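The following exercises ask the reader to examine a structure and to reason from its geometry. Each task is followed by a solution in steps.

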Amino acid sequence: MYETLVAAINMLGLIAQQSAEAGSTVAFPPAAGAALGVGIAALGAGIAEGGIGAAAVGAIAEDSDFFGIGLLFTVLPETLVILAIVVIFIV
Amino acid sequence: MNVISRDASNYSYVNARVRSRWALLLDADEYDTLTRMGPSEIARFLGESEYSPEIDALGSRHSGVDLVEHALNRNLARHFDDLLEWSQGTLYDLISRYLRKFDAWNVKTALRGVYSETDAGVIDDDFIRAGEFDDALLGTLEECESVESVVDALAETVFGDPLADALDDYEETGALVPLENAVDRTFYDTLLRGLNAATESGTREFVKFLQAEVDFRNIRNAFRLARSGGTIDPSEYYIEGGRLFEASELASLVENRDELVARLRESRYGDQLGPALERLESADSLIGFEHALDAALLGYADHLSHVFPLSVCPVLAYILAKEREVDNIRAIARGREVGLSGEEIEQELVML
């Protein structure tokens with residue numbers, strides 16, 4: 001799973017490098033960069049939520065009082081995506 | 001540490017549930033209350049705790065200590081079956097390997113029961129249905145007429161060949177010890193067979209945990225032998241797989257107890273074993289030492305489960321703690337039945 005992710009990012013780096021060598025002033029369209037950033041951040045958040053969600057469901061199955069706190073911790077990595085969205089407004 | 005398990009094990013889910021069940025185990029205060037109760041009060045107390053399904057189910061057929069005993073066994077089986085139901089992938093494989101110790105227990109129960117010509121129903125009550133054996137096999141075992149037929153019935157299982165080999169010894173001596181030893185050794189042999197600790201991340205912690213358990217078992221056997229001072233060859237009882245002793249070392253250490261104690265104090269378990277060793281030196285009672293040893297193993301298991309939170313360790317530590325709780329409650333119920341005082345019973349309990 002991580003291997004594919006790293007390979008994908010490597011490839012993106014190569015594309016950016018090649019277009020820089022081709023001589024255009026902007027190596028990579030800024031909007032595309034921002035979109036990629038949000039996408040990758042969401043992917044990371046998803047990976048993190050997978051484990052937390054599984055643990056939260058386990059805890060809720062044993063004791064339904066954990067519902068609130070379980071939900072809170074499950075969506076905590078989502079803040080990463082919100083921070084990534086800020087980038088869209090900057091570029 | 002593995003953030004996402006690559007082997008499709010669901011460590012986070014299982015560990016969350018295990019931790020939650022862990023929190024339901026009795027604490028020192030509740031033990032304190034229990035030691036002051038009579039057998040029927042204990043049954044009622046358990047009926048209001050998480051043992052209530054078992055107490056309710058068995059309440060009409062049994063009473064007093066028998067009710068407590070059977071409810072404890074059933075509760076144990078229910079919780080450990082749950083563990084297998086939740087887990088997937090490597091985690092499932094590891095837990096089922098470990099729970100095979102109840103198969104070993106059931107084989108021993110069957111052997112002892114048949115040997116002493118106990119009724120099938122009584123043997124059946126003593127089975128703990130948490131292992132791999134299904135009801136059909138257990139049913140066959142309890143109906144057996146002789147020890148030989150028990151061994152025959154087990155021919156298809158992992159215990160088959162070792163038991164068949166030990167049967168000659170049994171027939172020569174008429175004692176069950178060779179057969180029981182064969183069962184124990186088979187269990188530990190199959191436990192670690194085919195696991196590659198160096199490469200697979202999930203099994204590394206499992207192997208570490210079991211090495212500790214094997215070490216503790218060897219320590220206990222060493223002290224028992226040192227104590228009995230008999231002519232038994234210690235390597236007969238040595239279990240492979242630990243990291244602390246070699247079989248040859250054990251033989252010389254058994255003869256020199258001070259050296260054995262010093263060796264343990266320097267070992268990796270020194271921190272946990274400290275109180276146990278002091279207790280041995282001051283009280284010089286083997287039972288006290290063995291309880292302290294059990295507590296030390298619990299402590300070490302707990303330690304491992306904190307060092308490797310997303311691994312099989314918390315599950316195994318829970319299994320140990322749960323077993324210990326069941327043993328404790330049984331000791332309290334039996335102790336109260338024969339009229340021991342609260343203090344005497346407390347000495348028999350193993351607590352962290």
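**Exercise 1. Describe the make-up of chain A.**

Solution. The model is a predicted one.
Step 1. Chain A contains four helices and zero strands.
Step 2. Read from the N terminus, its elements follow the order α-α-α-α.
Step 3. Of the 91 residues in chain A, 16% are buried.
Step 4. Take the contacts in chain A between residues at least 6 apart in sequence: 65% of them join residues at least 24 apart.

**Exercise 2. Determine how helices α3 and α5 of chain B pack, and which residues make the contact.**

Solution.
Step 1. Helix α3(B) covers residues 39-47 and helix α5(B) covers residues 64-86. Their axes lie 7 Å apart, at an angle of about 35°.
Step 2. The crossing of α3(B) past α5(B) is left-handed.
Step 3. On the side of α3(B), the contact involves Pro39(B), Ile42(B), Ala43(B) and Leu46(B). On the side of α5(B), Gly64(B), Val65(B), Leu67(B), Val68(B) and Leu72(B) take part.
Step 4. Sorted by character, the residues of this contact are eight nonpolar, one polar and no charged.
Step 5. A general point helps in reading such lists: an α-helix has 3.6 residues a turn, so residues three or four places apart point the same way.

**Exercise 3. Compare the span of helix α17 of chain B with its expected value, and decide whether the helix is enclosed or not.**

Solution.
Step 1. Helix α17(B), residues 313-337, has 25 residues.
Step 2. From first to last C-alpha it reaches 36 Å, close to the 36 Å expected at 1.5 Å a residue.
Step 3. A residue is buried when its relative accessible area is under 20%. Because 20 of the 25 residues of α17(B) are buried, this helix is largely enclosed by the rest of the structure.
Step 4. After α17(B) comes Gly339(B), which has a positive phi, near 80°.

**Exercise 4. Classify the aromatic pair of Tyr115(B) and Tyr170(B), then a second pair, Phe187(B) with Tyr188(B).**

Solution.
Step 1. Over all chains, six aromatic pairs are counted.
Step 2. The ring centres of Tyr115(B) and Tyr170(B) are 6.2 Å apart, and their planes stand at 70°. Planes over 60 degrees apart count as edge-to-face, so this pair is edge-to-face.
Step 3. The pair links distant parts of the chain, with Tyr115(B) in helix α6(B) and Tyr170(B) in helix α10(B), 55 residues apart.
Step 4. Tyr115(B), at 38% relative accessibility, is partly exposed, whereas Tyr170(B), at 10%, is buried.
Step 5. Phe187(B) and Tyr188(B) also form an edge-to-face pair, with 4.9 Å between centres and 65° between planes. Both Phe187(B) and Tyr188(B) are buried.

Note on methods:
Residues are numbered from 1 along each chain as its sequence is written. Chains are lettered from A and ligands numbered from 1 in the order in which they are written. This is a predicted model: local features need pLDDT of at least 70, side-chain atom pairs count only at pLDDT 80 or more; totals for chains, interfaces and linings use all residues. Side-chain values use heavy atoms; hydrogens and water are left out. Axes are lines fitted to C-alpha atoms, for helices over the stretch in contact, and angles run from 0 to 180 degrees between N-to-C directions. Helices (H or I, at least four residues) and strands (E, at least two) are DSSP runs, numbered from the N terminus. A crossing is left-handed if the near helix is turned anticlockwise from the far one by less than a right angle, and right-handed if clockwise. Contact means heavy atoms within 4.5 Å. Ala, Val, Leu, Ile, Met, Phe, Trp, Tyr, Cys and Pro count as nonpolar, Asp, Glu, Lys and Arg as charged, and the others, Gly among them, as polar. The expected span of a helix is 1.5 Å times one less than its number of residues. Buried means under 20% relative accessible area, exposed over 50%, partly exposed in between (1.4 Å probe, protein chains only). Rings of Phe, Tyr and Trp (its six-membered ring) pair if their centres lie within 6.5 Å; planes under 30 degrees apart count as stacked, over 60 as edge-to-face and the rest as tilted.
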